[in-house]
Amino acid sequence: MTAVSFFVNRLYVLAADNRVAYDERYHHGINIIRGENSSGKSTITHLLFFGLGGDYTHFAPEAQRCSRVMVEVEADGAVITLSRPLAKDKEGRILTQQPMTIHWGPLSEALAGTCRSNTFGYRTSPNKSSFSNVLFEAMGIPLVKADCNITMHQLLRLIYIDQESPTQSLFYYEQFDNQTTRETVAELLMGIYDERLYDAKIRLKQLEEQLSESKSEKRIIDKSVTKEMRSPEHIRQLIDHTNGQIDQLSDDISRLHRSEAALTKVKSQAEQQRASVAQLRQQLLHAEDERERLEHETEDTRLFIEELKRKQQALRHSVSTRQVLGSLRLEYCPECLSPLSTDIPDGICHLCKTPVEDRSGITQAKRLIAEISFQLNESENNLNDDLRRLDHVRSEEKKLRSRLKSERRQLDLLLSDASSTRNEQLEDFLLQKGRLQGELLQYQTLLETATYYETVVRRIQQLESDIEKTRRYIAALETHQQTRRTQIVAKMQQFGIHFLHSDLMRQRAFKEARQEDLHIDFSQNIAYLRTRHNKFSASSTFFLKLVARFSIFFASLELPEMRYPRFIFADNMEDKGIEKERAQHFQQTLIDTLIRYPADSYQVIYTTSYITDELDHSSYVVGDHYTSGNKSLKNV
């Protein structure tokens with residue numbers, strides 16, 4: 001599993017009159033937004049949260065006077081631009097669950113209208129993808145098929161650290177929170193969620209339901225049919241014997257003298273029977289044609305789906321290859337073997353000095369992968385519908401074939417009969433023959449039941465075998481999952497304890513904490529030391545939450561199997577009354593820890609009112625130093 005990467009390149013906000021309210025570029029690595037209180041720093045993170053797919057509506061008055069948020073992001077190497085409207089109701093309140101337009105290219109091209117774009121809704125439906133589906137696909141994050149709806153908003157709840165949520169709340173707060181959703185989001189971002197395991201559990205549930213239904217069918221047949229009548233071989237012998245008796249009676253009837261009246265009666269019956277046979281034959285031909293058509297269509301759809309999957313996989317391999325080869329740099333000229341200059345700027349070929357557009361190919365490949373995913377979903381739905389119709393048509397064809405065979409035999413017998421009904425022996429023969437024909441119909445019905453019973457028994461045996469195999473597969477996946485969970489939690493605790501021990505001497509328990517004392521409980525939405533009942537001051541409780549959230553982020557830098565996108569943004573690092581010295585010390589500890597990693601491998605964005613002079617004049621800062629007279633949003 002390759003690490004998930006996500007970067008914000010540029011945030012662009014339009015005012016209501018379409019003038020630019022905010023336009024800043026962000027770099028890989030550390031990004032600090034600084035300024036006085038009430039200068040609009042939080043507003044920037046709120047707009048970024050919204051622009052990335054978060055469901056936020058409680059904007060400051062200045063932000064409410066804006067019309068659109070656009071964010072240029074780099075998702076797993078693809079540069080795309082996300083655009084969401086700040087639509088309002090009649091009372092001027094920002095509407096929830098706004099759609100998103102995804103432009104397959106940088107923000108400059110999106111503004112110029114020179115790149116492909118698609119608009120997606122907030123929620124996923126059976127026949128329509130949401131923008132979360134597209135972004136998950138672009139980042140290489142699997143779609144969660146559980147009952148809870150995992151959206152981009154849900155992921156951002158564990159990526160964005162805000163100052164409006166309750167002090168202890170590990171996740172970004174929302175009113176109608178759900179424990180299952182929190183657990184699923186955590187497992188997804190930690191890399192523990194395994195779609196194979198979920199699919200296997202769904203498969204096991206389906207198999208168990210099918211087994212229960214099949215056993216119920218078997219019990220019903222066991223109660224209604226005797227043991228010997230459940231044997232197709234035994235019933236076939238009875239049918240052969242009865243057919244022999246009917247043939248003998250037909251021969252006896254043929255030897256009797258035939259009267260004109262009897263002949264007329266037989267002919268009339270034969271004509272009616274012939275019409276019935278012709279009608280059944282026509283119905284059977286129609287069913288056969290429909291079956292053949294559906295068989296061809298399902299086979300064509302299967303081949304089409306296989307081809308789509310092959311193309312999608314090829315595109316993914318192409319993206320991976322571009323990302324690997326794009327990082328290789330020639331040191332010597334392949335023609336004369338002279339050393340190449342090393343002071344060539346990024347985006348320029350070191351050999352021929354022409355501009356290189358590596359990201360464009362990756363972006364287009366990501367767009368095609370997303371479009372193929374939509375086609376796959378639609379084709380698989382069509383295939384399932386056709387397969388259901390095919391099963392119905394096959395069943396109908398089998399039923400018509402059986403009826404036609406029986407009706408043809410009766411017609412053949414009628415045509416061979418021209419016996420006199422005035423003869424007592426003839427009447428007796430006809431009565432016997434009618435009785436035997438009735439028995440024959442019963443045997444044919446019993447034969448269908450017995451054949452189906454055999455099918456049910458075989459199905460039960462196959463289902464029991466499949467259930468056992470699936471259970472073993474699930475057990476193996478769960479063992480692997482638990483091993484991965486233990487490793488990831490240990491790494492998170494390692495970083496968490498590092499930050500607690502690096503804190504100023506404000507909370508003795510932080511300095512004395514051991515690695516195993518730190519608990520990050522996503523299910524209960526809380527981080528705590530030793531026991532949940534340990535209470536700290538508001539500032540220390542917030543500090544503990546801050547440490548827990550950054551420990552997840554840092555663990556993702558060490559463990560590529562995690563799906564946390566190595567991107568985190570925080571609003572106000574000194575929330576809940578943390579003193580200036582403590583906040584600045586944490587920022588410096590954070591930066592000292594971050595610089596151990598290549599800046600191109602992660603992105604951190606945070607706001608602060610307590611920035612040191614050294615950081616205030618560093619390359620880490622983004623935008624102006626905002627004040628009450630120079631707020632972050634302009635033209636509003």
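Here are a few notes on this predicted model, going from its cores to some individual residues.

1. Let's start with the packing. The largest nonpolar core has 114 residues, and Leu52 and Phe550 are the ones with the most contacts inside it. Helix α13 gives the most to this core, with 12 residues. A second, separate core of 16 residues includes Ile246, Leu413, Leu436 and Leu440. As background, nonpolar side chains in soluble globular proteins tend to be buried together.

2. Leucine 52 is worth a look in your viewer. Setting aside residues up to four places away in sequence, leucine 52 touches Phe6, Val8, Val71, Val73, Leu82, Met100, Leu135, Met152, Leu156, Phe567 and Phe569. One of these partners, Leu135, is among the buried residues of α4.

3. That brings us to helix α4, residues 131-139. Nine of its nine residues are buried, so the helix is largely enclosed by the rest of the structure. The buried set holds Phe131, Val134, Leu135 and Phe136, among others, and it also includes Ser132, Asn133 and Glu137. Just after α4, glycine 140 takes a positive phi of about 85 degrees.

4. Next, the pair α13 and α14. The axes of α13 (residues 538-558) and α14 (residues 580-594) come within 13 Å and cross at roughly 10 degrees. This angle is under 35 degrees, so α13 counts as roughly parallel to α14. On the α13 side, the contact is made by Ser539, Ser540, Phe543, Leu546, Val547, Phe550, Phe553 and Phe554; their partners in α14 are Arg582, Phe586, Leu590, Thr593 and Leu594. By class, this contact has nine nonpolar, three polar and one charged residues. Phe550 appears here as well as among the residues with the most contacts inside the largest core.

5. Where does glutamine 98 sit? Glutamine 98 lies in the loop between β5 (78-85) and β6 (100-103). With a relative accessible area of 8%, this glutamine is buried, because the cut-off for buried is under 20%. Beyond its neighbours within four places in sequence, glutamine 98 is in contact with Phe50, Arg84, Pro85, Ala87, Tyr122 and Phe131. Phe131 belongs to the buried residues of α4.

6. Finally, tyrosine 172 is another loop residue to inspect, found between β8 (160-161) and α6 (179-190). Tyrosine 172 counts as buried, at 8% relative accessibility. Outside its neighbours within four places in sequence, its contacts are Phe49, Tyr56, His153, Arg157, Tyr160, Asp162, Ser165 and Arg549. Tyrosine 172 and asparagine 525 are 353 residues apart in sequence, yet their C-alpha atoms are 9.7 Å apart in space.

Methods:
Residues are numbered from 1 along each chain as its sequence is written. This is a predicted model: local features need pLDDT of at least 70, side-chain atom pairs count only at pLDDT 80 or more; totals for chains, interfaces and linings use all residues. Side-chain values use heavy atoms; hydrogens and water are left out. Helices (H or I, at least four residues) and strands (E, at least two) are DSSP runs, numbered from the N terminus. Buried means under 20% relative accessible area, exposed over 50%, partly exposed in between (1.4 Å probe, protein chains only). Contact means heavy atoms within 4.5 Å. Axes are lines fitted to C-alpha atoms, for helices over the stretch in contact, and angles run from 0 to 180 degrees between N-to-C directions. Angles under 35 degrees count as roughly parallel, over 145 as roughly antiparallel, 65 to 115 as roughly perpendicular and the rest as oblique. Ala, Val, Leu, Ile, Met, Phe, Trp, Tyr, Cys and Pro count as nonpolar, Asp, Glu, Lys and Arg as charged, and the others, Gly among them, as polar. A nonpolar core is a set of buried Ala, Val, Leu, Ile, Met, Phe, Trp, Tyr and Cys residues joined through side-chain atoms within 4.5 Å.
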